[in-house]
Amino acid sequence: MRERCPACDLKFEREEGYFLGAMYIGYALALGMIAIFGVLLWSFAGWPFQKTVIAAVLLFLPFAPVLTLMARVLWIYLDQTIDPDKT
Ligand SMILES: [Zn+2]
């Protein structure tokens, strides 16, 4: 991840531990994604609950890096909406 935006020079990590808030968004996104995979698997495969949950988590794992970046982008949007960077 770059330190600053090449277009508008926004500093992405405004302070130490800035992306902690992104973890909450990432957690919510991950739970939602796992739930969707779980419902799809449950309705199509008809597996028992425990097997469905384990398979849904395994299906989710390849998406984790992309989801982490998405969560950071959403966090920056949220943060800039509430507290815009004046510099
Ligand atoms: Zn920018």
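Helices here are DSSP runs of H or I with at least four residues, strands are runs of E with at least two, and both are numbered from the N terminus. With that in hand, let's start the tour. Residue numbers count from 1 along each chain as its sequence is written. You're looking at a predicted model, in which local features need pLDDT of at least 70, side-chain atom pairs count only at pLDDT 80 or more, and totals for chains, interfaces and linings use all residues.

**Stop 1: before the helices**

Select Asp-9, which is found in the segment before α1. Its phi is positive, about 65 degrees, although Asp-9 is not a glycine. Is Asp-9 buried or exposed? A residue is buried if 20 or more other C-beta atoms lie within 10 Å of its own, exposed if 12 or fewer, and partly exposed in between, with C-beta atoms placed from the backbone. Asp-9 has 9 C-beta neighbours inside 10 Å, so it counts as exposed.

Now click on Met-1, also in the segment before α1. Met-1 counts as exposed because it has 8 C-beta neighbours inside 10 Å. Add Leu-69 to your selection: its C-alpha atom is 8.6 Å from that of Met-1, although the two are 68 residues apart along the chain.

**Stop 2: α1 against α2**

Two packed helices are described by the angle between their axes and the distance between the axes. Axes are lines fitted to C-alpha atoms, for helices over the stretch in contact, and angles run from 0 to 180 degrees between N-to-C directions.

Select residues 20–45 for α1 and 49–60 for α2; their axes come within 8 Å and cross at roughly 125 degrees. That makes α1 and α2 oblique to each other (under 35 degrees is roughly parallel, over 145 roughly antiparallel, 65 to 115 roughly perpendicular, and the rest oblique). The crossing is right-handed, a label used when the near helix is turned clockwise from the far one by less than a right angle; anticlockwise would be left-handed.

Which residues of α1 meet α2? Among them are Met-33, Phe-37 and Trp-42 in α1, with Val-53, Ala-56 and Phe-60 among those on the α2 side. By class, this contact has twelve nonpolar, two polar and no charged residues (Ala, Val, Leu, Ile, Met, Phe, Trp, Tyr, Cys and Pro count as nonpolar, Asp, Glu, Lys and Arg as charged, and the others, Gly among them, as polar).

**Stop 3: α1 against α3**

Keep α1 on screen and add α3, residues 64–82: the two pack at an angle of about 130 degrees, with their axes 8 Å apart. So α1 is oblique to α3 as well, and their crossing is right-handed. The α1 side of the contact includes Gly-21, Ala-22 and Ile-25, while the α3 side includes Ala-71, Arg-72 and Trp-75. Its classes are ten nonpolar, three polar and one charged residues.

**Stop 4: the core**

Select Ala-22, Ile-25, Ala-71, Trp-75 and Ile-76, the five residues of the largest nonpolar core. Such a core is a set of buried Ala, Val, Leu, Ile, Met, Phe, Trp, Tyr and Cys residues joined through C-beta atoms within 7 Å. Both α1 and α3 supply at least two of its residues, and the largest share, three residues, comes from α3.

Finish on Trp-75 in helix α3. It is buried because 20 other C-beta atoms lie within 10 Å. Leaving out residues up to four places away in sequence, Trp-75 touches Phe-19, Gly-21, Ala-22 and Ile-25 (contact means C-beta atoms, placed from the backbone, within 7 Å).

Terms used
Two residues are in contact if their C-beta atoms, placed from the backbone, lie within 7 Å.
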